[in-house]
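Reader: I should like to learn how to read the surroundings of a ligand and the setting of a single residue. May we work through an example together?

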Amino acid sequence: MIDIRVSNCNKSYGSLRVLKDINLEIERGEFIVLLGPSGCGKSTLLHIVAGLDRLSSGEIEIGGRDVTDVEPKDRDIAMVFQSYALYPTMSVRSNMEFGLRMRGKPMSEIRPLVEEKARMLHIDHLLDRRPSQLSGGQRQRVAIGRALVRDPKVFLFDEPLSNLDAKLRASMRTEIKKLHQSLGTTAIYVTHDQLEAMTLATRMVVMKAGEIQQIGKPEEVYHRPVNLFVADFLGNPGMNFMKGHLRLDGGRVSADVGAATLPLDGYAFEVAPVAGQAVVIGLRPESIQPASVQMSDGGAPYALTLKPILTEHTGSDNLVVLAMGEQEIVGKFPSDMLPKLGEPVAIGFDLSRVSVFDAESERRI
Ligand SMILES: Nc1ncnc2c1ncn2[C@@H]1O[C@H](COP(=O)(O)OP(=O)(O)O)[C@@H](O)[C@H]1O
Ligand SMILES: [Mg+2]
């Protein structure tokens, strides 16, 4: 059942085209994350769904109803902003009650509702404080609480955790995920943080310069990026890119990347490969490990002997920079495996995880 439908949506500010022909269908109960670099149009798209910005052309449906010309307050949505947007002179309780009071709900119903949601968010002991007497994390909880009491059809979040420190972000992220699991309300969540997107999304929408690049489940977008932009935007450290050319020998395809010829027998080409085609081979650091480590498909890895030139401990694993001809690639080794610098080691490439892009179009082939 489609809960939100964005059809042929365009938005311009003067001559600046901020959204270009956006089409998106969101099913009831999905947690959709809009991901992309700053300025790519994520907030604009969210504001258009909320009704805070007007479309230049296109249509928005929520719950089967055309809301393109409907006021924000009549769209049955609740929005949580990065800036919290709390009323500074009101108590936490009044902030949470406000929206319901404006809608004329009786206080006898509002009180228990606010207290229930406050308990859920562990802010029930803060109800009589002012926002200025709260930490950033507590303020964001209040902002979320204010959205929750409304029991809307759709939650919209615009980078709600961006002002919090790393540890608090991680724990709030988990709480938002739990909330969604228990409430099941449709949500659109904007972030430029790929880890937040990977962990929260049921499906993610990767955007660049006002255009949707890819829509899919996080693991699908991570493992099968449709182009170099998406491949590069996800993952930390980022995907390794090796420039080369395709070779076709009989029915077998391989990629000559200078220092090695990588067999691509197991790769499912979406477009027929052409001999000599200039390509970029993408492989994530976790798919480059000591040859002794078993690969994701259980098979033996493709092995090469390479020289480590730099290592970094991250605590959970060791990042190892390896010289591969003219290029450098990064592997992710288990934390108890630290190679010696300058001493060649057998490196396994998990080629079942490879992505192949056309060098010119930058698209997956
Ligand atoms: N009111 C506005 N007037 C003119 N340009 C705007 C306005 N709002 C946003 N923009 C521009 O639209 C683009 C997308 O902005 P935004 O949706 O806020 O991006 P994001 O949320 O992905 O960082 C940016 O180039 C921004 O400068
Ligand atoms: Mg924004």
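Author: The following turns take up the ligand, and then one residue of a loop. Please keep in mind that this is a predicted model.

Reader: Which residues surround ligand 1?

Author: The shell around ligand 1 consists of Tyr13, Val18, Pro37, Ser38, Gly39, Cys40, Gly41, Lys42, Ser43 and Thr44. Sorted by class, this shell holds four nonpolar, five polar and one charged residues. Helix 1, spanning residues 42-50, gives the most to the shell, namely three residues.

Reader: Which polar side-chain atom lies 2.9 Å from an oxygen atom of ligand 1?

Author: A polar contact is read from a pair of N or O atoms within 3.5 Å. Here, a polar side-chain atom of Lys42 lies 2.9 Å from an oxygen atom of ligand 1. The side chain of Ser43 places an N or O atom 2.8 Å from an oxygen atom of the ligand. Gly41 takes part through its backbone, with an N or O atom 3.0 Å from a ligand oxygen atom. The protein covers 58% of the 560 Å² of accessible area that ligand 1 has on its own.

Reader: Turning to the loop, is Thr185 buried or exposed?

Author: A residue is called buried when its relative accessible area is under 20%. Thr185 has a relative accessibility of 13%, and therefore counts as buried.

Reader: Where is Thr185 found, and which residues does Thr185 touch?

Author: Thr185 belongs to the loop between helix 5 (166-183) and strand 8 (186-191). Leaving aside residues up to four places away in sequence, Thr185 touches Gly29, Glu30, Pro152, Lys153, Val154, Phe155 and His180.

Note on methods:
Residues numbered from 1 in each chain as written. Chains lettered and ligands numbered in written order. Predicted model: local features only at pLDDT ≥ 70, side-chain atom pairs only at ≥ 80, totals over all residues. Heavy atoms only, no water. Near = heavy atom within 4 Å. Polar contact = N/O pair within 3.5 Å; in protein donor to acceptor, adjacent residues only side chain to side chain. Areas by Shrake-Rupley, 256 points an atom, 1.4 Å probe, with all protein chains shown as cover. Helix = DSSP H or I, 4+ residues; strand = E, 2+ residues; numbered from the N terminus. Nonpolar A, V, L, I, M, F, W, Y, C, P; charged D, E, K, R; others polar. Buried < 20%, exposed > 50% of the residue type's maximum accessible area, 1.4 Å probe, protein only. Contact = heavy atoms within 4.5 Å.
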